[in-house]
Amino acid sequence: MSTFKTVQQHILEQERLHPEATGELTSLLGSLTVAAKIIARDVRRAGLTTNVLGQTQTVNVHGETVMKLDQFAEDTIQRVMGSSGMLAVMASEESQDVISISDERARGNYAMMYDPLDGSSNIDVNVSIGTIFSIHRKVTAGDDGGEADCLQPGRRQVAAGYFIYGSSTMMVYTTGRGVSGFTLDPGLGEFILSHDSIRTPDRGRIYSINEGNRNQWDEATVTYIDRLKSPGDGTREPYSLRYIGSLVADFHRNLLKGGIFLYPGPKPKLRLLYEAAPLAMVAEQAGGAATTGTTPVMDVEPASLHMRVPLIIGSRGDVDDYLECVDGDRRPGPDSAS
Ligand code: AHM
Ligand code: MG
């Protein structure tokens, strides 16, 4: 008989593997599932309620128009996680500065970075979107956290993962001991273990990149993509292009099926703290890899909250092939903050 396990049971089990654990991380991740259930509920009803689809009048820190559902997800996470009692500070893709925990009694020992609703441009057209999260231990002294708690390299994450609001709602997360996936049972309102010990294939047959940006790619990327399309030596079939334009959805598909996602330099778009580092931890824990072209994403030192980096992530064999194409002189480096 197959085992039945809720995400809460699973998180508790993971905690027991860490003798020093205090239960705070378990509680934090538990609160996060509550926020995600609220977001999932409203994403499901998006076409039915008039106040959820469409744009707000606000432009975010990246110059992008904030969608109503973006704002709703941001408010939900701030509300639920701000009162969880487990966080010292938060930082969001949607907020210029760090988000303090206003209630002193609700302050904890972790910092959380998140992208409340990744793939916003797809919200109005019913395409999968997601929430990405990254959790670090607080490293500064004092009760309230600050920017220094957020500006830690991905290698120091204690947990990371994402929720995907797709044909079903899933949570995929890691605390550094492999990757597990849970599917939300809408009847029970619980995330149930559906993908135990996820391992990504060593190599895939899919590449995911915005081909419309070809004129802006660095040379290594042009060379690599051309090789995927026309392997030349006849030993391989050309790869298939699959690009949703929703990072969580593109990443999730490639994680399960194998393949590579690229948002390369010299004009990277994706943000280190909210997108690249957490997905890099998931990829590595599932046996895959993530690089900027010069550095493993997990080792990049964040220079600022909204720093962007090239992201090449997926099956290890495919990422290695990409790195072979990186010419020494033309390597794309992590972009400065933008
Ligand atoms: P967002 O966080 O504002 O939604 O932007 C990030 C999204 C990713 O989900 C996706 O991979 C990428 O932007 C797509 O960008 P583009 O439209 O340039 O291909
Ligand atoms: Mg995003």
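This report walks through a metal site, two strand pairings and the empty spaces of a predicted model.

Residues are numbered from 1 along each chain as its sequence is written, and chains are lettered from A and ligands numbered from 1 in the order in which they are written. Local features need pLDDT of at least 70 and side-chain atom pairs count only at pLDDT 80 or more, while totals for chains, interfaces and linings use all residues; side-chain values use heavy atoms, with hydrogens and water left out.

**The magnesium site**

Let us start at the magnesium ion (ligand 2), whose protein donors are D115 (OD), D118 (OD) and E275 (OE), lying 1.9 to 2.1 Å from it. Donors here are N, O and S atoms within 2.8 Å of the metal (3.2 Å for Na, K and Ca); water is not among the atoms, so sites may look incomplete. Along the chain, these donors follow the spacing D-x2-D-x156-E. D115 is buried at a relative accessible area of 1%, and D118 also counts as buried, at 5%. Buried means under 20% relative accessible area, exposed over 50%, and partly exposed in between (1.4 Å probe, protein chains only).

**Strands and their partners**

Helices (H or I, at least four residues) and strands (E, at least two) are DSSP runs, numbered from the N terminus. Two strands pair if DSSP finds at least two bridges between them. An open sheet of five strands runs in the order β12-β11-β13-β15-β14, with mixed pairing. Its edge strands, β12 (240-241) and β14 (289-291), each pair on one side only. β14 joins β15 (residues 311-314) in the antiparallel sense over three bridges, and A289 has G314 in β15 as its bridge partner.

Another antiparallel pair is made by β9 (residues 180-185) and β10 (residues 190-195), over five bridges. Here D185 stands opposite E190 in β10. The hairpin has four residues between the strands, and G189 takes a positive phi near 70°.

**Pocket and cavities**

On a 1 Å grid over the protein atoms alone, a cavity is a set of points where a 1.4 Å probe fits but cannot get out, and a pocket is an open set with protein on both sides within 12 Å along at least five of seven lines; lining residues have an atom within 4 Å of a point. Grid points are joined across faces, edges and corners, and a volume is the space filled by probe spheres set on the points.

| Space | Volume |
|---|---|
| Second largest pocket | about 280 Å³ |
| Largest cavity | about 50 Å³ |
| Second largest cavity | about 30 Å³ |

The second largest pocket has 16 lining residues, of which H18, A21, L25, Y110 and R137 lie nearest its centre. α1 (7-16) and α2 (24-44) each supply at least two residues of this lining, and α2 gives the most, with four.

The structure holds two cavities of 30 Å³ or more. Lining the largest cavity are T200, F251, N254, L255, F261, A283, I313, G314 and S315. Two or more of these residues come from each of α6 (247-257) and β15, with α6 giving the largest share, three residues. G314 is thus a name to look for twice, as a cavity-lining residue and as the bridge partner of A289.

The second largest cavity is lined by H10, Q14, Y173, T174, T175, R177, G178 and S180. α1 and β8 (169-174) each supply at least two residues of that lining.
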